[in-house]
Amino acid sequence: MKVGKFEDIEKKLNFQDILDFEYKMGFVLPINYRRLILKFNGGLTEESDFFDVLLSIKYGKQKVEDMINMHQTIEQNIPEGYLPIALDWSDNPITINTNEGSQKGEIVKFYFDTDEAPEIIAHSLEELLGVTSIDEL
C-alpha cells in the first residue's frame, strides 16, 4: 500500500496552525495524523492504491474542514467521529475513525455513488501509507 510520494504539497504548517484548527473544530487530531499533516499539508499522491488527494488543514483548495462541513454537518452522510483526511480518485472520502473502542484509528472509506457500505481499508494510518512510522515518509 506504500505511497510513492506526495506532490503539489500545500504551504507548510506549524504546530500553532494545528492547535488553531483543533480549537476551531472542537477536537484533538490523532497524533500520527498530526505528524503526517506537519510533514505534508495536503497534496496529491503518486502510486497509492487507495487515495489520490491528501486533504489540507489550511491553505489548500481541498480542506478537512470543508469535508467535515459538507459530509457531517450538511449532508450527514459520514458519522461524527470519522475524520476525513483524503479522497480517492472518485472523490470518495477516506477517514480516520476517532471514536473510542477497538476500531479507533482504522481507516474507513465512504462511498457516495454506489450502494457499497463503508469499507475498512487499513487498520492504521501507517498501514495505509505502507510505513511503520510517519517519520519514514
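Two strands are taken as paired where DSSP finds at least two bridges between them. On this basis, E3 and E4 of the predicted model form an antiparallel pair over 2 bridges, and within that pair Leu54 has Ala86 of E4 as its bridge partner. Leu54 also takes part in the pairing of E3 (residues 53–54) with E2, which is likewise described by 2 bridges in the antiparallel sense, and here Leu54 is the bridge partner of Gly43. On its other side, E2 (residues 43–46) is joined by 3 bridges to the antiparallel strand E1 (residues 5–7), where Lys5 is matched with Glu46 of E2. Strand E4, in turn, runs antiparallel to E5 and is connected to it by 5 bridges, including the one that links Tyr82 to Asn97 of E5. The hairpin formed by E4 and E5 has 5 residues between its strands, and Asp91 adopts a positive phi near 65° in this hairpin.

Strand E4 is mostly covered, with 6 of its 6 residues buried. The largest nonpolar core comprises 32 residues, among which Tyr33, Leu36 and Leu125 have the most contacts inside it. At least two residues of this core are supplied by each of the helices H1 (15–25), H2 (31–39), H3 and H4 (125–129), and by each of the strands E3, E4, E5 (93–97) and E7 (119–122); the largest share, 4 residues, comes from E4. In soluble globular proteins, nonpolar side chains tend to be buried together. When neighbours within four places in sequence are left aside, the contacts of Leu125 include Tyr33 and Leu36, both of which are also listed with Leu125 as the core residues with the most contacts. The remaining partners of Leu125 on that basis are Asn32, Ile85, Ile96, Gly105, Ile107 and Ile134.

Two further buried positions were examined individually. Ala122, which is found in strand E7, has a relative accessible area of 1% and is therefore classed as buried. Not counting residues up to four places away in sequence, Ala122 touches Glu106, Ile107, Glu127 and Leu128, so that Ile107 is a contact of Ala122 as well as of Leu125, the cut-off for contact being heavy atoms within 4.5 Å. The C-alpha atoms of Ala122 and Gly26 are separated by 26 Å, the two residues being 96 residues apart along the chain. His71, located in helix H3, is also buried, with a relative accessible area of 6%. Beyond its neighbours within four places in sequence, His71 is in contact with Gln76, Asn77, Ile78, Pro93 and Phe112.

The largest pocket has a volume of about 230 Å³. Its lining is made up of Met25, Phe27, Val28, Ile68, Gln72, Thr73, Glu80, Gly81, Tyr82, Leu83, Pro84 and Thr98, and the elements that give two or more residues to this lining are helix H3 (64–74) and strand E4 (82–87). By residue class, the lining divides into 7 nonpolar, 4 polar and 1 charged. Tyr82, one of the lining residues, is the residue already noted as bridged to Asn97 of E5. Strand E4 thus recurs across the features described here, since this strand pairs with E3 and with E5, supplies the largest share of the largest nonpolar core, and contributes two or more residues to the lining of the largest pocket, with buried residues being those under 20% relative accessible area.

Key:
Residues are numbered from 1 along each chain as its sequence is written. This is a predicted model: local features need pLDDT of at least 70, side-chain atom pairs count only at pLDDT 80 or more; totals for chains, interfaces and linings use all residues. Side-chain values use heavy atoms; hydrogens and water are left out. On a 1 Å grid over the protein atoms alone, a cavity is a set of points where a 1.4 Å probe fits but cannot get out, and a pocket is an open set with protein on both sides within 12 Å along at least five of seven lines; lining residues have an atom within 4 Å of a point. Grid points are joined across faces, edges and corners, and a volume is the space filled by probe spheres set on the points. Ala, Val, Leu, Ile, Met, Phe, Trp, Tyr, Cys and Pro count as nonpolar, Asp, Glu, Lys and Arg as charged, and the others, Gly among them, as polar. A nonpolar core is a set of buried Ala, Val, Leu, Ile, Met, Phe, Trp, Tyr and Cys residues joined through side-chain atoms within 4.5 Å. Buried means under 20% relative accessible area, exposed over 50%, partly exposed in between (1.4 Å probe, protein chains only).
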